[in-house]
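Okay, let me put this one up on the screen. I'd like to spend a couple of minutes on the aromatic residues and what sits around them.

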Amino acid sequence: AGDKDTGIAVETTPANEPDVAIAPSIIPEEPGEVYADKAYDALAVEKAIEAKGGTSKLMRKGHRWLPAARLEAHNRPLRPIRARIEKIFGTWKRSYHFRCMRWLGLAKAKCQVHLAAIAYNIKRYWRLQSA
């Protein structure tokens with residue numbers, strides 16, 4: 001889950017567990033606007049956001065009965081905000097060699113993800129102080 005104003009929160013799950021399954025449990029109290037990619041397009045996630053007083057800004061994915069082209073008007077204004085979040089993951093992949101996990105096991109994977117988040121936040125802090 002990402003927070004567009006204050007940074008990024010991290011949760012690591014096993015590879016066989018879909019992200020949408022844990023999404024309702026990681027939404028903070030009073031979340032404001034919640035942005036997420038198409039993987040989180042589920043009614044359970046939307047209800048969890050609204051239950052905690054937030055506004056859902058989830059990207060929509062197409063279905064058999066609702067083609068993706070008809071959702072373009074909904075998704076278009078969300079893309080610039082999502083792009084800022086996805087840029088973080090691009091930096092992790094490019095600069096921190098985060099294309100695959102280095103170690104086996106959930107505990108080691110969590111450690112790797114948290115180290116990448118720490119490194120990114122330190123680099124971001126340094127750049128903000130230098131500006």
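So, Phe 98: buried or exposed? Its relative accessibility is 15%, and the cut-off for buried is under 20%, so Phe 98 counts as buried. Keep in mind that this is a predicted model.

Now, how many aromatic pairs does the structure hold? Two. Let's take Phe 89 and Trp 92 to begin with: their rings sit edge-to-face, 5.5 Å centre to centre, with 90° between the planes. Both belong to helix α4, which covers residues 79–95, and because they're three residues apart there, about one helical turn separates them.

In terms of burial, Trp 92 is down at 4% relative accessibility, so that counts as buried. Phe 89 is at 32%, which puts it in the partly exposed class.

The other pair brings us back to where we started. Trp 92 also pairs with Phe 98, again edge-to-face, at 5.3 Å centre to centre and 75° between the planes. Put the pairs together and you get one aromatic cluster made of Phe 89, Trp 92 and Phe 98.

Okay, one more residue: Gln 112. Where does it lie? In helix α5, residues 106–130. And it's a buried glutamine, with a relative accessible area of 6%. What does Gln 112 touch, leaving out residues up to four places away in sequence? Phe 98, for one, so to speak our link to the cluster, plus Cys 100, Met 101, Arg 102 and Trp 103.

Terms used: Residues numbered from 1 in each chain as written. Predicted model: local features only at pLDDT ≥ 70, side-chain atom pairs only at ≥ 80, totals over all residues. Heavy atoms only, no water. Phe/Tyr/Trp six-rings, centres within 6.5 Å; stacked < 30°, edge-to-face > 60°. Helix = DSSP H or I, 4+ residues; strand = E, 2+ residues; numbered from the N terminus. Buried < 20%, exposed > 50% of the residue type's maximum accessible area, 1.4 Å probe, protein only. Contact = heavy atoms within 4.5 Å.
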